Amino acid sequence: MEYVTASGVDVPALGFGTWPMKGATCRTAVEHALDAGYRHLDTAQMYNNEDAVGQAIADSAVPREDVFLVTKIFRQNLSHDKVLSSVEQSVQRLGTEIDLLLIHSPSRSVPIEASISAMNDLQERGLVEHIGVSNFSVEQMRQAIAASETPILTNQVEYHPFKSQPELLEFCIENKIILTAYSPLAQGRVIGNAVLEEIGTQYGKTDAQVALRWLIQQEMVAAIPKASSQTHIEENFDVFDFELSDTEMERIFDLQGGLFSRLRSLLGL
Ligand code: NAP
């Protein structure tokens, strides 16, 4: 496992996404993921699977303290009081405290400050260890940072070989905030990409593995692929025994049509 570190917290660079799985399908997939070595799990109030994720953790031989558990507050629960009550319910469904609590997406009606202050309260009460955001712009991240008494650990956003977020990543790097890449396989669309396949051939790796390696090899980036099949779950975790060259990293950045050129020069790639 490799880690991304922010505010002194080591977050496993490769996590396991659980949407849209529910019930027994979700529980079995999380059990396979823990067996395969994943130690970072991503769920959300909206996914209706917190109970299944919590059950899989409880049933696993992996000690609870070795798992980094992330959940997210549904957009309709972002008022101060609803943050408190809905997260108490999340903790009940999960059967355990939350390592990282995120605002799932910015509210159109509730000020960021109201949600963040309730999240800080939950941290003081020990129900939540760290907080962060998801689907936030740079400006919204600035507001969240200013409103919080504790560090904003991550912004979870869509990020994969076909979707760039150069300004956001630059902001995350400057502020030592993790960019957690959701839909890191572009919901399966990376499969069959000729460039990823060609690069993978040299290492005996698949297109999916090359895409995930490309993500976690970037500064401050973590990735949370979802897979339901045990084969995919294991395949996606097998990305720690090879390293892409600068030229290969650049070829994958170029799949986005040069949008990364400014960032590449910033990172010296
Ligand atoms: P994804 O992880 O990019 O792609 C999942 C798809 O790829 C599934 O159809 C899966 O198939 C397939 N797949 C996985 N590994 C594969 C492999 N090795 N070879 C071939 N196909 C493979 O997309 P995602 O589910 O949208 O994103 C991942 C996670 O991010 C979600 O589960 C969720 O936890 C999180 N997320 C967060 C937000 C947010 O707003 N914060 C939004 C979307 C997603 P099988 O299931 O058949 O294995």
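This is a short talk on one protein chain and the ligand it holds, and I should say at the start that the structure is a predicted model.

Let me begin with the overall fold, where the protein chain has 11 helices and 10 strands. Along the principal axes, its C-alpha atoms fill a box of roughly 50 × 40 × 30 Å. How does the radius of gyration of the protein chain agree with that of a compact globule? For 269 residues a compact globule would have a radius of gyration near 18 Å, and because the protein chain has 18 Å, the value agrees with that expectation.

Now to the ligand, which occupies the space of the largest pocket. In this model 28 residues surround the ligand, and the closest of them are Asp42, Leu185, Lys226, Ser228 and His232. If we sort this shell by residue character, we find 11 nonpolar residues, 13 polar ones and four charged ones. Which helix gives the largest share of the shell around the ligand? That is helix α9, spanning residues 230-237, which contributes three residues.

Turning to individual contacts, I would point to three that involve an oxygen atom of the ligand. From the side chain of asparagine 135, a polar atom lies 2.9 Å from a ligand oxygen. The other two come from the backbone: a polar backbone atom of alanine 186 is 3.4 Å from an oxygen atom of the ligand, and a backbone N or O atom of serine 229 lies 3.5 Å from a ligand oxygen. As for cover, the ligand on its own has 910 Å² of accessible area, and the protein covers 85% of that.

Finally, two details of the backbone that are worth finding on the screen. Tryptophan 19 and proline 20 are joined by a cis peptide bond, with omega at about 5°, and proline 20 belongs to the loop that runs between β3 (16-17) and α1 (23-36). Serine 7, although not a glycine, has a positive phi of about 50°, and this serine 7 is found in the loop between β1 (3-6) and β2 (9-12).

Definitions and conventions
Residues are numbered from 1 along each chain as its sequence is written. This is a predicted model: local features need pLDDT of at least 70, side-chain atom pairs count only at pLDDT 80 or more; totals for chains, interfaces and linings use all residues. Side-chain values use heavy atoms; hydrogens and water are left out. A residue is near a molecule or strand if one of its heavy atoms lies within 4 Å of it. A polar contact is a pair of N or O atoms within 3.5 Å; within protein, one must be able to donate a hydrogen and the other to accept it, and residues adjacent in sequence count only if both atoms are side-chain atoms. Accessible areas come from the Shrake-Rupley method with a 1.4 Å probe; for residues, only the protein chains shown count as cover. On a 1 Å grid over the protein atoms alone, a cavity is a set of points where a 1.4 Å probe fits but cannot get out, and a pocket is an open set with protein on both sides within 12 Å along at least five of seven lines; lining residues have an atom within 4 Å of a point. A molecule sits in a cavity or pocket if more than half of its atoms lie within 2 Å of its grid points. Helices (H or I, at least four residues) and strands (E, at least two) are DSSP runs, numbered from the N terminus. Ala, Val, Leu, Ile, Met, Phe, Trp, Tyr, Cys and Pro count as nonpolar, Asp, Glu, Lys and Arg as charged, and the others, Gly among them, as polar. The radius of gyration is taken over C-alpha atoms; the globule rule is 2.2 Å times the number of residues to the power 0.38.
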